[in-house]
Amino acid sequence: MVEVNKADVLLGLQWGDEGKGKIVDVLTPHYKMVARFQGGPNAGHTLVFEGKKYILHTIPSGIFHRGCVNLVGNGVVLDPFIINNELDQLNLPLDVLKESLFVCGKAHLILPSHRLLDAAFEKKKGKGKIGSTLKGIGPAYTDKVARTGLRLADTASVTFREKYNALKEEHLRLAGDLGYALDELTLDGLSFPEYEDAWFQGLERLKALPRVQSEVFVNEALDKGARVLAEGAQGTLLDIDFGSYPYVTSSNTITAGACIGLGVAPTRIGEVFGVFKAYCTRVGSGPFPTEAVDEEATHLREQGNEYGSTTGRPRRCGWLDLPALRYAVMINGATRLIMTKVDVLNRMETIKVCVAYDLNGETQTLPPLSSGPDNLRPVYRELPGWQCSLENAETFEQLPQALLNYVAMIEDFVNVPVDIISTGPDRQQTLIRKGAGILKRLAVINEPQK
Ligand code: GDP
Ligand code: IMO
Ligand code: MG
């Protein structure tokens, strides 16, 4: 039987910001295509190399490697204003851009009035707010599912402006019903009409990018033997179905989301790389059983620079939650693990790891289903920290024994190997384990795909 060429998936196993962007950038030389499959500008993926930092919101993290084809898939929601800013940041010559970035015509547009609605819904929720990034994600996906949304391909229609106005009016009416007025809102420092103007300017630039049908584009590339890496946004615990509903995002952030958001059959998914931090963070509301308080939280936040890439909000910080990680591994079928931000724990005397939960004296091994119950308490195991810098470790194997013990404990719990450890934000601060399965998957690490 002929071996089928399959796409690999890389995604977050926690509440987002696991360092997905950095790892995609590191792996990109071994792939011909990097494809985003869900989410939108609620994502902020940070890449650091050659002393510079870049934050991508919609554009896939393979964009800095010449020869890599980057695809924004049908499952993504697009804000032309934000994409325009991202393109400015990239500043790529037009001919390079046209070979490097492709967008699916089926992807839905986030209208300025979707952002208005996001703000109106959050305000209405008051204390129960989700803590949305206010990028219009929920309302845009709502219109998609309600079959009232506008897709990028619709912009070619002579009636596009008419449809845009009709949908906008509907949103304004709804926001008005919620008691939310247009002049209450500033969008990235602009008034609504200013934002709308800039949005339409951005739309022209977005329309000029090469347009494809992601399902055809990806499957044909796979048929020709190209290596494809699907890049997730957010994280498993923010998944609309499997996250801590309603404190979630509005898309499927898990492996199955890659099938839907690109048009790739489940039988064409190869390896699933699950990225997780050596501890946990969450931005926005919702349950977080291992959330730290006081000095522990401050230490993690400051050492890890835990402030949102998209909103600048301080992230909530806490300890690694192994039952939640094991759940995420299960739901994604993760085959290899990548642990990031290990250096953030360098100074810790003891490292706490949650191994179960206690609910009124009973042990639970599954993460909380939704926002409760409040009296769920993590059961911690404490491990000795390594209390040294990792800068001298040139290989995975040279990492301090206490850290290797931490890794072994995690692997034992979730039953999947940790193949890569990230010890800093820079591309080069990445250690791949000798003989790791991921090396075989990437064929020969020294021979990046042309
Ligand atoms: P993403 O959304 O999953 O791509 O992650 P973000 O970019 O939002 O957040 C990860 C943050 O941690 C960024 O500021 C990265 O530059 C940084 N980062 C990534 N890996 C490491 C690491 O191993 N150590 C440290 N200290 N920072 C890291
Ligand atoms: P990346 O891809 C962390 C969170 C928000 C909020 C909830 C819903 O950078 O990991 P939304 O704007 O989707 O309506 O917000 O989800 N959230 C993220 N948290 N990283 C992200 O993306 C996130 N995208 C959304 O903070 O709690
Ligand atoms: Mg992020």
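Which residues form one aromatic cluster with W199? In this predicted model, F160, Y164, W199 and F200 form that cluster.

The structure as a whole holds eleven aromatic pairs. One of them joins Y54 and F64: the ring centres lie 4.5 Å apart and the planes meet at 45°, so the pair is classed as tilted. A tilted pair is one whose planes are neither under 30 degrees apart, which would count as stacked, nor over 60, which would count as edge-to-face. Y54 belongs to strand β4, which covers residues 52–56, while F64 is found in the loop between β4 and β5 (69–72); the pair therefore ties together parts that are ten residues apart in sequence.

The surroundings of these two rings can be described by their accessibility. Y54 has a relative accessible area of 15% and is buried. F64, with a relative accessible area of 22%, is partly exposed. The boundary that applies here is 20%, because buried means a relative accessible area under that value.

A further aromatic pair is formed by W199 and F200, with 5.0 Å from centre to centre and 80° between the planes, an edge-to-face arrangement. Both W199 and F200 are buried, and the two residues belong to the cluster that also includes F160 and Y164.

Aromatic rings in this model also face charged side chains. K352 lies over the face of Y380, at 4.9 Å from the ring centre. In another such contact, R427 places its charged end over the ring of F49, at 3.8 Å from the centre of that ring.

Note on methods. Residues numbered from 1 in each chain as written. Chains lettered and ligands numbered in written order. Predicted model: local features only at pLDDT ≥ 70, side-chain atom pairs only at ≥ 80, totals over all residues. Heavy atoms only, no water. Phe/Tyr/Trp six-rings, centres within 6.5 Å; stacked < 30°, edge-to-face > 60°. Helix = DSSP H or I, 4+ residues; strand = E, 2+ residues; numbered from the N terminus. Buried < 20%, exposed > 50% of the residue type's maximum accessible area, 1.4 Å probe, protein only. Lys NZ or Arg CZ within 6 Å of the ring centre and 35° of its normal.
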